[in-house]
Amino acid sequence: AAVVQGAAAAAPVADAGCRWGASSGRGYRWPEANPALVAPAVATYDYRPYRNPLQAEMTGDAITIEVPPDMFASFNLSDGRGRASSEEQYVLRSMELRAPGRLPEGSSQALSHVLELVLVHEDVRRSGVWASIVLPLAVAVDPSADLLASLLAGSQPPEREGQREALLMRASHPLDLAKAFEGASFLTFWATLPSRCQLASALPARILLRNSTLDMSQSTFARALRALRAASSAAPLRPPKDAWLM
């Protein structure tokens, strides 16, 4: 497990309505990092390579990928003092592949990227609290590690809303999410994510935006873009000004 310094804050009170889960919701504009906003906390990431097929569905605005019980993927946040009562413990529940939100004409992202892979986690200690880790993807001539290529290898991603397909069809190309956290920093803040059921409109969530892009090849991007060509894309939300660096 990789250990990095991060920002930990008290979570908002959870909405007790829905236990079915959260979706990634709308994307965010990347905030400008403020070097003064670094909290004394520790993040521990534990994501192990996975080789079995994953079920995916086109939901209209993203390709949602189900995470099975035998996929070990989690992260913890603590205050660095070993106090169990202050620890946030998150387990990966789903992944979503989407295009970035459409920016108004004449504006740009602080971090330029062409796709986003969102890792949606549930806090296993606090009911109704979630976390969304957003991994920005950009095209590179010679990508050192192409996470998306592993997901799409030997697969045909779903393109029509409601269509379901299997991804990660080649065991020789495992999905190794740990590479997304090696030497990475994140900007984090509290917000809400939409619920997947009708009993709650929003769920409190820690948002983590990776502070640099992950590489993918032009061919990987072309395949993903073809699958997402009919997906809807709303303008990205503005993040709060107090985004903490971790």
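## A walk through pockets, strands and rings

About 180 Å³ of space lies in the second largest pocket of this structure, which is a predicted model. Let's begin our tour there. The pocket has a lining of 14 residues, and those nearest its centre are Thr-64, Glu-66, Arg-93, Ser-94 and Arg-196. Which elements give two or more residues to this lining? They are strand 3 (54-58), strand 4 (63-66) and strand 6 (88-98). Strand 3 provides the largest share, with three residues. Sorted by class, the lining of the second largest pocket holds four nonpolar, five polar and five charged residues.

Since strand 3 has come up, let's follow it for a while. In a regular strand, side chains take turns pointing to the two faces of the sheet. You can see this alternation in strand 3: Leu-54, Ala-56 and Met-58 point to one face and are buried, while Gln-55 and Glu-57 point to the other face and are not buried.

What does strand 3 pair with? One partner is strand 9 (residues 164-167), which runs antiparallel to strand 3 and is joined to it by four bridges. Another is strand 4, also antiparallel, with three bridges to strand 3. Glu-57 is a handy residue to find on your screen here. In strand 9, Arg-164 stands opposite Glu-57, and in strand 4 the bridge partner of Glu-57 is Thr-64. Thr-64 should sound familiar, as it is one of the residues nearest the centre of the second largest pocket.

Strands 3 and 4 also form a hairpin, with four residues between them. In its turn sits Gly-60, which has a positive phi of about 110°.

Now for the largest pocket. Its volume is about 520 Å³, and 27 residues line it. Nearest its centre lie Asp-61, Ala-99, Pro-100, Ser-232 and Ser-233. Its lining divides into ten nonpolar, nine polar and eight charged residues.

Next, look for the aromatic rings. How many aromatic pairs does a search of the whole structure find? There are seven. In one of them, the rings of Tyr-45 and Phe-181 have centres 4.4 Å apart and planes at 25°; planes under 30 degrees apart count as stacked, so this pair is stacked. The two residues are 136 residues apart in the chain, with Tyr-45 in strand 2 (residues 41-47) and Phe-181 in the loop between strand 9 and strand 10 (186-194), and the pair thus links distant parts of the chain. Are these two residues buried or exposed? Tyr-45 and Phe-181 are both buried.

Phe-75 and Tyr-90 make another stacked pair, at 4.8 Å centre to centre with 20° between the planes. Here Phe-75 belongs to strand 5 (residues 73-78) and Tyr-90 to strand 6, 15 residues apart. Both Phe-75 and Tyr-90 are buried. These four residues join Tyr-47 and Phe-186 in one aromatic cluster.

Our last stop is helix 2 (residues 218-227), whose buried residues are Thr-220, Phe-221, Ala-224 and Ala-227. Looking down the axis of helix 2, you would find these buried residues within an arc of 125°, so they line one face of the helix. Why can residues spread along a helix share a direction? An α-helix has 3.6 residues a turn, so residues three or four places apart point the same way.

Conventions: Residues numbered from 1 in each chain as written. Predicted model: local features only at pLDDT ≥ 70, side-chain atom pairs only at ≥ 80, totals over all residues. Heavy atoms only, no water. Buried < 20%, exposed > 50% of the residue type's maximum accessible area, 1.4 Å probe, protein only. Arc of directions from axis to C-beta. 1 Å grid on protein atoms, 1.4 Å probe; cavity = no way out; pocket = protein on both sides within 12 Å on 5 of 7 lines; lining within 4 Å. Points joined across faces, edges and corners; volume = space filled by probe spheres on them. Nonpolar A, V, L, I, M, F, W, Y, C, P; charged D, E, K, R; others polar. Pairing = 2+ DSSP bridges. Phe/Tyr/Trp six-rings, centres within 6.5 Å; stacked < 30°, edge-to-face > 60°.
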